[in-house]
Amino acid sequence: MKKILLFITAFTVFSCSKVPITGRKQMNLLPESTMMSMSLSNYRDFLSQHPPVTSGAEMQQVKNIGAKISSAVEQYMRQNKMADRVKGYKWEFNLVNDKAVNAWCMPGGKVVVYTGLLPITQDETHLAFVMGHEVAHAVARHGNERMSQMLLAATGGIALDVALSQKPSETRAMFLGAYGVATTVGVILPFSRTHESEADKLGMVFMAMAGYNPTNALDMWERMSKAGGGKMPEFLSTHPSDATRSKNMRAYLPQAMKYYHPN
């Protein structure tokens, strides 16, 4: 037990970093290369069960937005000596035919948008914010941070390779949970809200970098609220309430506008 605690302490010291743009300090215990390898495997499994849409204006819109955002993000990271944040990324942007109102991005730049989201986003600019938000989760390494927290809480700090060999299904579930698939009430929950709020801010910045006016992001969560009907109480949700979200985004708008240069 003492060795495990020493291992965690040492890892904590050497794994602290700052999220780009927001500057928030974070602790990621897992090699990002491992996270990308796990994400690629799960991403391929997902697409084998949910074949991507291969034609049409909506599919092309997803790919066009993705190309603009990924290009802008990579350029910013290079110019600000943070290229390691997207090192090894091989961006893919896919639309899948599913009624769920959802989108996600795994480490390595694997982005999926569900068709059920499009009636709410309605246009390219609003979809650009949602996609920027999901890209932000990956660039900010929120999945690594959540996975680290979950491993510490569930396994007492054992190494990932040990967890994968001893509890493969549970560890895979933790990985998917790190991307919002599962909702947990407890110590992990406040960090998830922090990640969602941070991704909102970075999503506004990333869409602005790509030439989309971040002002248009402000009404996104009002649409989501109307589409969702009854909402879970904020203390049981991994996301901040719609009212909290809109307030925080409005306050951050002047900062995001600094990155906006219309094409």
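**Figure 1. Seven residues around an enclosed space.** S197, D200, K201, T244, R245, N248 and M249 line the second largest cavity of this predicted model. Two elements each give two or more residues to this lining: helix 9 (189–209) and helix 11 (242–257). Which helix gives the most to the lining? Helix 11 does, with 4 residues. About 40 Å³ of space lies inside this cavity, and the structure holds 2 cavities of 30 Å³ or more. What kinds of residues make up the lining of the second largest cavity? They divide into 3 charged, 3 polar and 1 nonpolar. If you wonder how such a space is found, rolling a probe the size of a water molecule over the atoms shows where empty space is left.

**Figure 2. A tilted pair of rings, F46 and Y114.** Searching the whole structure turns up 6 aromatic pairs. One of them joins F46 and Y114, whose ring centres are 6.0 Å apart. Their planes meet at 50 degrees, and the pair counts as tilted. How many residues apart are the two partners along the chain? They are 68 residues apart, with F46 in helix 2 (residues 32–49) and Y114 in strand 5 (residues 110–114), and the pair links distant parts of the chain. Are these two residues buried or exposed? F46 has a relative accessible area of 15%, so F46 is buried. Y114 is buried too, because its relative accessible area is 8%.

**Figure 3. A stacked pair, W91 and F93.** Why is this pair called stacked? The ring planes of W91 and F93 are at 5 degrees, so the pair is stacked, with centres 5.9 Å apart. W91 has a relative accessible area of 18% and is therefore buried. F93 is buried as well, with a value of 8%.

**Figure 4. An aromatic cluster.** Let us return to F46 and Y114, now with their neighbours in the cluster. Which residues make up this group? Y43, F46, W104 and Y114 form one aromatic cluster.

**Figure 5. Confidence along the chain.** The protein chain has an average pLDDT of 80, and 74% of its residues score at least 70. Among its elements, helix 3 (residues 57–79) has the highest mean pLDDT, 98, and helix 1 (residues 2–14) the lowest, 40. Residues 1–14 have a pLDDT below 50, and this stretch has 9 contacts in the model beyond near neighbours in sequence. Over residues 180–191 the pLDDT also stays under 50. For this second stretch, the model has 15 contacts beyond four places in sequence.

How values were computed: Residues are numbered from 1 along each chain as its sequence is written. This is a predicted model: local features need pLDDT of at least 70, side-chain atom pairs count only at pLDDT 80 or more; totals for chains, interfaces and linings use all residues. Side-chain values use heavy atoms; hydrogens and water are left out. On a 1 Å grid over the protein atoms alone, a cavity is a set of points where a 1.4 Å probe fits but cannot get out, and a pocket is an open set with protein on both sides within 12 Å along at least five of seven lines; lining residues have an atom within 4 Å of a point. Grid points are joined across faces, edges and corners, and a volume is the space filled by probe spheres set on the points. Ala, Val, Leu, Ile, Met, Phe, Trp, Tyr, Cys and Pro count as nonpolar, Asp, Glu, Lys and Arg as charged, and the others, Gly among them, as polar. Rings of Phe, Tyr and Trp (its six-membered ring) pair if their centres lie within 6.5 Å; planes under 30 degrees apart count as stacked, over 60 as edge-to-face and the rest as tilted. Buried means under 20% relative accessible area, exposed over 50%, partly exposed in between (1.4 Å probe, protein chains only). pLDDT is the predictor's confidence in each residue, from 0 to 100. Contact means heavy atoms within 4.5 Å.
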